[in-house]
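Please open the model in your viewer and keep the sequence panel visible beside it. This tour proposes one selection at a time and describes what is found there.

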Amino acid sequence: MHYTNTKKYLFTLAFFALSWGVFAQGPAVYNRNTPSHSTSDFWDNVRFGGGIGLSFGSGYFNGFISPAAIYDLNEYVSLGTGLNLGYSDFNRQTAWIYGGSLLSYFNPVEFLQASVEFEQLWVNRELERFNLPDISDNYDTQALFLGLGFRTRNVTVGVKYDLLHDSDSIYYDAWLPFVRVYF
């Protein structure tokens, strides 16, 4: 493992642990005056959703699905996890992308949502070449997003920034728009 990768892993772990530690303090205040919850109340606070992406053109296809589940700790904080699966085909190059995400959302006011998302992805690429052996490339990459969006009911629209963006990233740019839906 290279020094830069070790530094990136340690930064990611410390940042995510800090963000979850700060956000997770909310439930003690939220539940202070409420009676203990039964098991069925747990599922009342779970929401499912995620995202679907699809783009295509002349000789190009890209599809992505990201189902997720979050638990509303209180009216301000939600924590969750998600799965990621993608496929891309462009100019004789194909890639399968798969992994998982840890999600934390903070809603300081009803219409605004801040987020911290950690994404661990594995990429399997194949490049077909004329009259030469094909090239295979398998690697992992991480993303640590800080996001801000406008929220209305179940939908949040906004932008997020990848603090770990580098040349191994599957994303073209560190800035990404998003639409998030949970039911």
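Begin by selecting Asp140, which is located in strand 6; strands (E, at least two residues) and helices (H or I, at least four) are DSSP runs, numbered from the N terminus. Asp140 is partly exposed because its relative accessibility is 31%; the term covers values between buried, under 20% relative accessible area, and exposed, over 50%, with a 1.4 Å probe and protein chains only. Now add Tyr98 to the selection: 42 residues separate it from Asp140 along the chain, and the two C-alpha atoms are 9.5 Å apart.

Before the next stop, note how the values were obtained. This is a predicted model, in which local features need pLDDT of at least 70 and side-chain atom pairs count only at pLDDT 80 or more, while totals for chains, interfaces and linings use all residues. Residues are numbered from 1 along each chain as its sequence is written, and side-chain values use heavy atoms, with hydrogens and water left out.

**The whole chain**

Colour the chain by secondary structure. Three helices and eight strands should appear, in the sequence order α-α-α-β-β-β-β-β-β-β-β. Of the 183 residues in the chain, 34% are buried. Next, consider contacts, defined as heavy atoms within 4.5 Å. Among the contacts with a separation of 6 or more, 49% join residues 24 or more positions apart. Switch on the surface: its accessible area is about 11,600 Å², and carbon and sulfur atoms account for 63% of it. Such areas come from the Shrake-Rupley method with a 1.4 Å probe, and for residues only the protein chains shown count as cover.

**The barrel**

Hide the helices and keep the strands. How do the eight strands run in the closed barrel? Their order is 1-2-3-4-5-6-7-8, and the pairing is antiparallel. From one strand to the next, the twist averages 25 degrees; axes are lines fitted to C-alpha atoms, for helices over the stretch in contact, and angles run from 0 to 180 degrees between N-to-C directions. Strands of a sheet pair through backbone hydrogen bonds, either parallel or antiparallel. Here, two strands are said to pair if DSSP finds at least two bridges between them.

Select strand 4 and strand 5, which run antiparallel and are joined by 15 bridges. They form a hairpin with two residues between them. Within this pair, Trp96 stands opposite Asn124 of strand 5. Move on to strand 5 and strand 6, an antiparallel pair with 16 bridges; here Gln120 has Gln142 in strand 6 as its bridge partner. Then select strand 6 (residues 135–152) with strand 7 (residues 155–162), where eight bridges support antiparallel pairing. Phe145 can be found opposite Asp162 in strand 7.

**Three residues to inspect**

Select Arg153 in the loop between strand 6 and strand 7. Its phi angle is near 55 degrees, a positive value in a residue other than glycine. Arg153 counts as exposed because its relative accessibility is 78%.

Continue to Val157 in strand 7. With 42% relative accessibility, Val157 is partly exposed. Apart from neighbours within four places in sequence, its contacts are Gly149, Phe150, Phe178 and Val179. Val179 is 22 residues from Val157 in sequence, yet their C-alpha atoms are 4.6 Å apart.

Is Ser88, in strand 3, buried or exposed? Ser88 is buried, since its relative accessible area is 16%. Not counting residues up to four places away in sequence, Ser88 touches Tyr60, Phe61, Asn62, Gln93, Thr94 and Ala95.

**Pocket and cavity**

Finally, look for open and enclosed space. On a 1 Å grid over the protein atoms alone, a cavity is a set of points where a 1.4 Å probe fits but cannot get out; a pocket is an open set with protein on both sides within 12 Å along at least five of seven lines; and lining residues have an atom within 4 Å of a point.

The largest pocket holds about 1,100 Å³ of space. Among its 39 lining residues, Phe64, Ser66, Ile170, Tyr171 and Leu176 are the closest to its centre. The largest cavity holds about 50 Å³, and Arg153 is one of its lining residues. Strand 8 gives the largest share of that lining, three residues.

Notes. Points joined across faces, edges and corners; volume = space filled by probe spheres on them.
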